[in-house]
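Work through the exercises below with the sequence and the structure side by side. Try each task before reading its solution.

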Amino acid sequence: MSLRAESHAAASTLKKLAADMSNIIESLDTRELHVEGEEVDSEVLTDPKGTVCIPFSAIYHTHGFKEPGTQTYLTGCPVRVRVLEVERFTSTKKVPSPNVYTIELTHGEFVWHVKRKFKHFQEFHRELLRYKAFVRIPIPTRSHTVRRQSIKRGEPRQMPSLPHTAESTMREEHFSSRRKQLEDYLTDILKMPMYRNYHGTMEFVGVSQLSFIHDLGPKGIEGFIMKRSGGHRIPGLNCCGQGRMCYRWSKRWLVVKDSFLMYMKPDSGAISFVLLVDKEFSIKIGQKETETKYGLQIDNLSRSLILKCNSYRHAQWWRQGIDEFIRKHGKDFLTEHRFGSYAAVQENTLAKWYVNAKWYFEDVANAMEAAKEEIFITDWWLSPEIFMKRPVVEGNRWRLDCILKRKAQQGVRIFVMLYKEVELALGINSEYSKRTLMHLHPNIKVMRHPDHVSSSVYLWAHHEKLVIVDQSVAFVGGIDLAYGRWDDDEHRLTDVGSVKRASAVKSVSTANLASAAESTERIPLQPQALAPESHLFERNADDAPDTSKMKGVGKPKKFSRFSIYKHLHKHGMHHADSVSSIDSESSYSSPTRSHPNIIQSLRPHLKMFHHHSESKQGLTEPREDKGSIRSLKTGVGELLGETRFWHGKDYCNFVFKDWVQLDKPFADFIDRYTTPRMPWHDISSVVHGRAARDVARHFIQRWNFTKIMKPKYRSLSYPFLLPKSQQTANELKYQVPEAVPATVQVIRSAADWSAGIKYHEESIHKAYISVIENSKHYIYIENQFFISCADDKIVWNKIGDAIAQRILKAHRENKRFRVYVVIPLLPGFEGDISTGGGNALQAIMHFNYRTMCRGENSILGQLKAEVGDKWINYISFCGLRTYAELQGKLVTELIYVHSKLLIADDNTVIIGLSLAAPISIQNTRILSVTNSSRRCGSPQQLAMPPSLIKCFDAFPVTR
């Protein structure tokens, strides 16, 4: 015990000694410390391997400004100094330093300017002398020991000296020599790592840890300021009181970039706030405008930030430096663009569009696999256990949660934003999705928004579906990474089979990934024994499924002897349906057996099939099925057999039954042997480069707003996000295959509750109206809902009215014009329409019909008043349905059209993820519309380059 007490006392004594010595050093007269001797450190300024860039991921690893060992400069790259000019300020008072020197510094690709007086050089020199004496004293503290150890011994260097002549006694002809002396002094200081890496030096030349990151763009003005709390546009984020007593002033390091400003905490280096440059960006100075002496006010759509400077001239320097830099490098963000959008029109942008989710999911998975720095995801609904590539032949490798965990382990930062549903109205269980993803790895961060009670947001929802990789590739559309979305052009109704992989010697059976019905855990990942010839499909043990806990694998089921497909093939008909429904000799009786009664009942439907090989009589010759099974090309080899594509909750029919028990992802909740699934028709797209940066900027704005809006996300574990510069947008590290050039603009609907901006942006609405009004030949629309025709009471959007007026214009001019509208036959809500359906189903159908044909404000009501029955020559409303055989019975189901797209004249496409539905619940007059559709042709097939408009939004709580 005595030894412990003595050691504790000794440690306390050392700490007190260290503190006393530090105080002594700080109070020393530095004029006595100027030692004309040799320095203990030097380094080779030119790295033979070339300049090493600071990675963008460094923004997530910032340190306190005084911590030693923090990388600020580019390795192997010198800092060059030039004193450009001298400004002389006159004053009624006698000042010791009337001259202001403009200094240009160059470090690699970065060039910036600082303004300093000679008195600033004197203060800087005295601080360096203090620091020089301080590091020579062996103070027994860990931080000081690390600082001393970081100083390398090498070539001796003489401490540069500063001119002693006072400026007040200098003549004007001597200014050029003084400029040269200061230039040489600062150059010598920046050559010595001991002083260059000192935080006082970095403050003097205006650099920080985030100054020289290539993807953040050119370097602007930086420095310490005092910032005032409050100023947010959104109620609830500011102090409820007024006056100076409610404000807090804090010292922060302000950084100016080409499209945003941010400030950092000096003690930790943490980014405390990010202010994006937008059309409302402005800078004011003066006590009258800022209510602060020497104040500086910076405004944008989300905040009015008040800063305090040391003098009026200091405030002028900040205002001039920020204004000139932003207008030079960020002018695109200062103006309002077409349709009132925050984003400019981007020419020659690589883009690609997808019809249905099969290839969309695959390209998203490949892009995620190629991610190096960041992945942003926002969905209305996200299911962590969905498979991105199907059929599943590589275990869990391409399951969404496994992809995200793998990338997080590689150091990629993953940020997910989910809509926080009203649990009484929706059963998507976003809390389970968040909990599952957050448990995968610390690099995965998930937010849910909005909080309905605290924010008083009940009738609104986020409906965006975005996946952004490294802020360079952005997937935008209507497809959630969720159950029921995966589909292809066949729109299969049945899925009861398994899969086998073909081999040159013999086929290797691969277990189908079904569910552990009672287990809430994910499928355990264990290696399986493969045949010797299966080495081509070797995979990591972490991705291999365990079949011992699977439900339905090889499940025997007694199939009916009836086969509709034998009769269809007999008559030369082809119908695309699940491979699992293709029969063979082992499953059915003789292929020549006929069922005339069933075929007779199918005669009205046979026109939906097409002949693929006709004889002279128009019928094909009967083909015998020798037991062969149709093959499927998958990209990982040829698969033979009955293929299962939808596992567990992914096999769904939400009109028959909505999802339940989402925490048991691999347990079926409807009987796939008696109930057909509901096919899902959807569309999405991907853009690269500058357009992808615009999409990422929107996500960042939402993320940062949610972080400051919800107290639980204000911790450092949820970082502020920074947008990459548009100047580096075309440096693509990954490109989605088959993308083609297009003219692209990002549009959106955004408001105070969703993005924290004071003005509502409804560029989607304006784009739809403009495209419809200026269309020349036709309009093709697909949408999940079709609710419009404004009466200024219930619905405010003008899309239906614009369609009616465009048709009437064509009629008056006697010109041909067509409108095609494709919507689902029933809304996607659980309910039996034959018995009246549910309340939500009836409500949506009422507003759909009200838009199309019921009442004088409907489209047909407006048309009939002028053209009578000739309206049928101008507009068509359509839905999709398909049918198949399930267990020997004919089944039919509608194809759920979830897409949101408008095509006009084969040259303009609006693809997105908002709905043709009313958004103005509280007189906010925001519309978000998005439609999706079939491929409208490649750029080579179109008369003019395609214009692709991406849109995303927030919308009222309807699916």
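**Exercise 1.** In which loop is the place of Glu738?

Solution. Start with the ground rules. Residues are numbered from 1 along each chain as its sequence is written. This is a predicted model, in which local features need pLDDT of at least 70 and side-chain atom pairs count only at pLDDT 80 or more, while totals for chains, interfaces and linings use all residues; side-chain values use heavy atoms, with hydrogens and water left out.

Step 1. Helices (H or I, at least four residues) and strands (E, at least two) are DSSP runs, numbered from the N terminus.

Step 2. Glu738 sits in the loop between α15 (689-709) and β26.

Step 3. Glu738 is not a glycine, yet its phi is positive, at about 70°.

Step 4. Glu738 counts as exposed, with 68% relative accessibility. The cut-offs are: buried under 20% relative accessible area, exposed over 50%, partly exposed in between (1.4 Å probe, protein chains only).

**Exercise 2.** Find a second residue with positive phi, Asp470, and decide: is Asp470 buried or exposed?

Solution. Step 1. Asp470 lies in the loop between β16 (466-469) and β17 (473-477).

Step 2. The phi of Asp470 is near 55°, again in a residue other than glycine.

Step 3. The relative accessibility of Asp470 is 9%, so Asp470 counts as buried.

**Exercise 3.** Describe strand β26 and name the strands that pair with it.

Solution. Step 1. Strand β26 covers residues 740-750, and nine of its 11 residues are buried, so the rest of the structure largely encloses it.

Step 2. Two strands pair if DSSP finds at least two bridges between them. Strand β11 (residues 346-355) pairs with β26 over four bridges in the antiparallel sense. In this pairing, Ala351 has Val740 of β26 as its bridge partner.

Step 3. Strand β27 (residues 761-762) also runs antiparallel to β26, and two bridges join them. Here Ser749 is bridged to Glu762 in β27.

**Exercise 4.** Examine helix α17 and its packing against helix α18.

Solution. Step 1. Helix α17 (residues 763-774) has 12 residues and spans 16 Å from its first C-alpha to its last, close to the expected 16 Å. The expected span is 1.5 Å times one less than the number of residues.

Step 2. The buried residues of α17 include Ile764, Ala767 and Val771.

Step 3. The axes of α17 and α18 (residues 799-812) come within 9 Å and cross at roughly 10°. Axes are lines fitted to C-alpha atoms, for helices over the stretch in contact, and angles run from 0 to 180 degrees between N-to-C directions. The crossing angle makes α17 roughly parallel to α18. The classes are: under 35 degrees roughly parallel, over 145 roughly antiparallel, 65 to 115 roughly perpendicular and the rest oblique.

Step 4. On the α17 side, His765, Tyr768, Ile769, Ile772 and Glu773 make the contact; on the α18 side, Ile799, Ala802, Ile803 and Arg806 do. Contact means heavy atoms within 4.5 Å.

**Exercise 5.** In what order do the strands of the three-stranded open sheet stand?

Solution. Step 1. The order is β1-β2-β3, with antiparallel pairing.

Step 2. The edges are β1 (79-88) and β3 (110-117); each has a single partner strand, so one side of each is left without a neighbour in the sheet.

Step 3. From one strand to the next, the twist averages 20°.

Step 4. Strand β2 (residues 99-107) is joined to β1 by nine bridges. Within this pair, Arg82 stands opposite Glu104 in β2.

Step 5. Helix α2 (residues 118-136) lies across β2 and β3, at about 95° to β3.

**Exercise 6.** Which residues are in contact with Tyr360, leaving aside its neighbours within four places in sequence?

Solution. Step 1. Tyr360 is found in helix α9 (residues 357-369). With a relative accessible area of 1%, Tyr360 is buried.

Step 2. Its contacts are Tyr354, Val467, Phe475, Ile479, Leu481, Ser684 and Ser685.

Step 3. Asp487 is 127 residues from Tyr360 along the chain, and their C-alpha atoms are separated by 9.9 Å.
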